[in-house]
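Take a slow look at the chain below, and turn it around a few times before reading on. We will begin with a pair of residues and then step back to the whole fold.

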Amino acid sequence: MRVHGELTRNRESRKLSGLKHHLEAHEIIFQAEGITCSGCAGDMEAILRETEGIIEASVNFAKETVYVKYNPHLLDRKKVFLAVRKLGYKIRISSEDAGGEA
């Protein structure tokens, strides 16, 4: 029983830590040239979400935008840029929010 209680406390501690980092999240919107379909956008989102430190990713193929919310304690903005560029599209930063309330 004691082990179960410790595991529960550890899980709760990680959730609170993740919440704290989520509140401190930074956001970047990229303009990406050449996204041609919603399937590509979905694949891009899945790949970005698997990247440690990326909290949220959304791709709009019609507007050719990539939105990324990330934890600056785990990933800096250069690594976010490189993760998006690694998807194979020409990108530039369209807007950026360096934290605070998300």
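Let's start with Cys37, which counts as partly exposed because its relative accessibility is 30%. Cys40 is partly exposed as well, with 24% of relative accessible area. Keep in mind as you look that this is a predicted model.

How many disulfides does the structure hold? The count is zero. In particular, Cys37 takes part in no disulfide, and the nearest cysteine sulfur to it, that of Cys40, lies 3.1 Å away. Why does this pair not count? A disulfide is a covalent bond between the sulfur atoms of two cysteines. To be counted as one, the two sulfur atoms have to be within 2.5 Å. For Cys40, the closest cysteine sulfur is the one in Cys37, and at 3.1 Å it is too far for a bond.

Now step back and follow the chain from end to end. You will find three helices and four strands. Starting at the N terminus, try tracing these elements in their order, which is α-β-α-β-β-α-β.

How does the chain come together? Take the contacts between residues at least 6 apart in sequence: 65% of these join residues at least 24 apart.

Finally, think about inside and outside. The chain has 102 residues, and 29% of them count as buried. On the outside, the chain exposes about 6,800 Å², and 52% of that area is supplied by carbon and sulfur atoms.

Note on methods. Residues numbered from 1 in each chain as written. Predicted model: local features only at pLDDT ≥ 70, side-chain atom pairs only at ≥ 80, totals over all residues. Heavy atoms only, no water. Buried < 20%, exposed > 50% of the residue type's maximum accessible area, 1.4 Å probe, protein only. Helix = DSSP H or I, 4+ residues; strand = E, 2+ residues; numbered from the N terminus. Contact = heavy atoms within 4.5 Å. Areas by Shrake-Rupley, 256 points an atom, 1.4 Å probe, with all protein chains shown as cover.
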